[in-house]
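Colleague: I should like to learn how to read the features of a structure such as this one. Could we begin with the interior and then turn to the strands?

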Amino acid sequence: FVTIGFLPRLEASVRATVFPNTELLEGEDAPQVDRSASARIQILRGGRWPAVAVGIDDVRGNRLFHSLYAVGTQSIQALTQVELRGSLGYGSTALDAREHTLDGVFGGFEGIFWHRASLIVDLDTEKVNSSIRLMIFNRVSLHLAWLDLETVSGGLGWTQVF
């Protein structure tokens with residue numbers, strides 16, 4: 001997937017997910033691909049009051065990972081090198097989709113240490129998840145997650161500022 005934040009408060013994403021052994025479309029023998037587009041807009045900047053954003057995921061395509069949501073996030077500087085963030089949001093099923101990823105209340109907490117490491121715990125409306133994110137170079141991050149507190153997952157990220 002690719003995400004671009006091309007304006008200060010607007011972010012757009014495109015994603016293609018391949019399901020090699022799953023029949024998304026009946027009668028197709030080839031590997032199935034779900035293509036989707038997403039967008040998020042920050043309607044209130046953070047500060048004294050929480051930052052507020054609204055978004056939609058999987059706007060087009062098979063709509064297997066659809067979400068329509070609003071979320072608020074508040075950050076506080078706890079210590080010199082420690083920032084704490086809390087988020088609370090609501091995912092709506094107002095738009096028709098094959099599957100809704102967020103359906104109800106969701107939220108999480110993140111502790112950021114020395115701007116290089118994060119510990120995260122969240123509720124995604126169904127499951128409790130936790131993760132660790134480490135900045136290993138200036139633009140490269142390593143992610144390790146414990147999904148539903150059962151399954152280990154990981155990833156590598158690159159952030160480029162233009």
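Modeller: Let us start with the core, bearing in mind that this is a predicted model. The largest nonpolar core consists of five residues, namely Ala53, Tyr69, Val71, Leu102 and Phe106.

Colleague: What is the general idea behind looking for such a core?

Modeller: In soluble globular proteins, nonpolar side chains tend to be buried together. In the present case, the set to inspect is Ala53, Tyr69, Val71, Leu102 and Phe106.

Colleague: Which residues is Phe106 in contact with, leaving aside its neighbours within four places in sequence?

Modeller: Among them are two other members of that core, Tyr69 and Val71. The contacts of Phe106 also include Ala70, the run Ser87, Leu88, Gly89, Tyr90 and Gly91, and the residues Leu123, Asp124 and Thr125.

Colleague: How much of the protein chain counts as buried?

Modeller: The share is 26% of the 162 residues. The exposed surface of the protein chain is about 11,100 Å², of which carbon and sulfur atoms supply 62%.

Colleague: What secondary structure does the protein chain contain?

Modeller: The protein chain has eleven strands and zero helices. Its C-alpha atoms fill a box of roughly 60 × 35 × 35 Å along the principal axes. Among contacts with a separation of 6 or more, 26% join residues 24 or more positions apart.

Colleague: How should one read a residue within a strand?

Modeller: In a regular strand the side chains alternate between the two faces of the sheet. A case to examine is Ser67, which lies in strand 5, residues 67-79.

Colleague: Is Ser67 buried or exposed?

Modeller: Ser67 counts as buried because its relative accessibility is 2%, and the cut-off for buried is under 20%. Beyond its neighbours within four places in sequence, Ser67 is in contact with Gly55, Ile56, Asp57, Thr101 and Leu102. Leu102 is also a member of the largest nonpolar core.

Colleague: Where is Ser36 found, and what surrounds it?

Modeller: Ser36 is in strand 3, which covers residues 32-44. With a relative accessibility of 7%, Ser36 counts as buried. Leaving aside neighbours within four places in sequence, the contacts of Ser36 are Ser13, Val14, Arg15, Asp58 and Arg60.

Colleague: How does one read the pairing of strands towards the end of the chain?

Modeller: One asks for the sense of the pairing, the bridges and the connection. Strand 9 (residues 128-135) pairs with strand 10 in the antiparallel sense over six bridges, and a hairpin of four residues joins the two strands. Within this pairing, Leu134 has Leu142 of strand 10 as its bridge partner.

Colleague: How many bridges link strand 10 and strand 11?

Modeller: There are eight, again in the antiparallel sense. Leu144 has Gly154 of strand 11 as its bridge partner. The hairpin formed by strand 10 and strand 11 has three residues between them, and Asp148 in the turn has a positive phi of about 55°.

Colleague: What can be said of Leu149 in that loop?

Modeller: Leu149 sits between strand 10 (140-147) and strand 11 (151-158). Leu149 counts as partly exposed because its relative accessibility is 38%. Not counting residues up to four places away in sequence, Leu149 touches Val128, Asn129 and Ser130. The C-alpha atoms of Leu149 and Asn129 are 5.7 Å apart, although the two residues are 20 apart in sequence.

Colleague: Finally, how many charged side chains are there?

Modeller: The protein chain has 14 positive and 18 negative side chains. The centres of these two sets lie 14 Å apart.

Terms used: Residues numbered from 1 in each chain as written. Predicted model: local features only at pLDDT ≥ 70, side-chain atom pairs only at ≥ 80, totals over all residues. Heavy atoms only, no water. Buried < 20%, exposed > 50% of the residue type's maximum accessible area, 1.4 Å probe, protein only. Contact = heavy atoms within 4.5 Å. Areas by Shrake-Rupley, 256 points an atom, 1.4 Å probe, with all protein chains shown as cover. Lys, Arg positive; Asp, Glu negative; His and termini not counted. Charge placed at Lys NZ, Arg CZ, Asp CG, Glu CD. Core = buried A, V, L, I, M, F, W, Y, C linked by side-chain atoms within 4.5 Å. Pairing = 2+ DSSP bridges.
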